[in-house]
Amino acid sequence: MHKKILDHLNVAILLFDNELVLTYLNSAGEILLEGSAKHLVGCHADSIFHSSGTLLAQLQQALKTQEPLVGRELNLTPSVTVNCSITPLIENNQCAEVLMELQQVDRQLWISKEEQLSSQHHISRTLIRGLAHEIKNPLG
């Protein structure tokens with residue numbers, strides 16, 4: 001039942017052991033990493049995040065400190081930006097596994113930038129209209 005739930009999430013779920021070897025990957029993770037779970041499970045985090053030193057460093061830090069970490073707008077690849085949440089899973093006062101959640105935010109960032117540009121365009125148009133009115137009809 002848990003696997004079924006995890007496979008239907010839109011967030012990529014990756015589970016690493018205490019050696020940072022991938023032990024589980026859900027369907028969203030397969031899509032995000034562009035590889036099958038069959039191919040990626042068993043790979044070390046170095047090979048999975050070879051183009052993202054930041055994600056690898058955060059994963060290693062969470063394992064070392066046994067503290068959860070959150071990263072915003074990190075580059076998974078040059079064209080893919082993600083928000084990241086890393087949670088060490090502690091058993092017997094030791095970090096047994098590390099759970100990583102990755103959510104792609106490229107589209108949200110693009111929408112946010114478009115909304116900001118639209119707002120700036122509207123403000124500029126209002127200012128220009130007011131200025132044109134004052135040029136045409138001076139206050140005296």
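User: Which strand is joined to E1 (residues 12-17) by six bridges?

Analyst: Keep in mind that we're looking at a predicted model. In it, the two strands run antiparallel, and one facing pair is alanine 12 with leucine 102. The partner with six bridges to E1 covers residues 94-104, and that's strand E5.

User: E1 also has bridges to E2 (residues 22-25); how many are there?

Analyst: Take the pairs residue by residue: leucine 14 has leucine 25 as its bridge partner in E2, and phenylalanine 16 has leucine 22. The two strands run antiparallel, and the number of bridges joining them is three.

User: Which residue in the E1-E2 turn has a positive phi, and what's the value?

Analyst: E1 and E2 make a hairpin, with four residues sitting between them. The one to look at in that turn is leucine 20, whose phi is about 65°.

User: Is E1 largely enclosed or largely open, and how many of its residues are buried?

Analyst: Buried here means a relative accessible area under 20%. E1 is largely enclosed by the rest of the structure, because the buried share of its six residues is five.

User: What's the strand order in the sheet, and which strands are on the edges?

Analyst: The sheet is open and has five strands with antiparallel pairing, in the order E2-E1-E5-E4-E3. Going from one strand to the next, the twist averages 25°. An edge strand pairs on one side only, and that description fits E2 and E3.

User: Which helix packs on the sheet, and what angle does its direction make with that of E3?

Analyst: The helix touches E1, E3, E4 and E5. It's H5, and the angle between its direction and that of E3 is about 150°.

User: How many bridges pair E3 (69-77) with E4?

Analyst: E4 covers residues 80-91, and a hairpin of two residues links E3 to E4. Within the pair, glycine 71 stands opposite cysteine 84. The pairing is antiparallel, and the bridge count is six.

User: Why is cysteine 95 in no bond with cysteine 84?

Analyst: A disulfide needs the two sulfurs within 2.5 Å, and searching the whole structure turns up zero disulfides. For cysteine 84, the nearest cysteine sulfur is that of cysteine 95. Both residues are buried, cysteine 84 at a relative accessible area of 1% and cysteine 95 at 9%. The sulfurs are too far apart for a bond, at 14 Å.

User: How many residues are in the largest nonpolar core, and which helix gives the most to it?

Analyst: The residues with the most contacts inside this core include Leu14, Phe16 and Met100. In general, nonpolar side chains of soluble globular proteins tend to be buried together. Here the largest core has 29 residues, and the top contributor, with five residues, is helix H5 (residues 53-65).

User: Which residues does leucine 14 contact beyond its neighbours within four places in sequence?

Analyst: Some of its contacts are in E2, where leucine 25 is also its bridge partner. With those sequence neighbours set aside, the list is Leu22, Tyr24, Leu25, Leu33, Phe49, Val98, Leu99, Met100 and Leu102.

User: Are the rings of phenylalanine 16 and phenylalanine 49 stacked, edge-to-face or tilted?

Analyst: The whole structure holds one aromatic pair. Its ring centres are 6.2 Å apart and the planes sit at 50°. Planes under 30 degrees apart would count as stacked and over 60 as edge-to-face, so this pair is tilted.

User: How far apart in sequence are the parts that this aromatic pair ties together?

Analyst: Both phenylalanine 16 and phenylalanine 49 are buried. Phenylalanine 16 lies in strand E1, while phenylalanine 49 is in the loop between helix H4 (45-48) and H5. The pair therefore ties together parts whose separation in sequence is 33 residues.

User: Is glutamate 34 buried or exposed?

Analyst: Glutamate 34 is in the loop between helix H2 (27-33) and helix H3 (37-40). Its phi is near 55°, which is positive for a residue other than glycine. With a relative accessible area of 73%, glutamate 34 is exposed.

User: Where is glutamine 66, and what's its relative accessible area?

Analyst: Glutamine 66 is in the loop between H5 and strand E3. Its phi is also positive, near 55°. It counts as partly exposed, with a relative accessible area of 32%.

Note on methods:
Residues are numbered from 1 along each chain as its sequence is written. This is a predicted model: local features need pLDDT of at least 70, side-chain atom pairs count only at pLDDT 80 or more; totals for chains, interfaces and linings use all residues. Side-chain values use heavy atoms; hydrogens and water are left out. Buried means under 20% relative accessible area, exposed over 50%, partly exposed in between (1.4 Å probe, protein chains only). Two strands pair if DSSP finds at least two bridges between them. A nonpolar core is a set of buried Ala, Val, Leu, Ile, Met, Phe, Trp, Tyr and Cys residues joined through side-chain atoms within 4.5 Å. Contact means heavy atoms within 4.5 Å. Rings of Phe, Tyr and Trp (its six-membered ring) pair if their centres lie within 6.5 Å; planes under 30 degrees apart count as stacked, over 60 as edge-to-face and the rest as tilted. Axes are lines fitted to C-alpha atoms, for helices over the stretch in contact, and angles run from 0 to 180 degrees between N-to-C directions.
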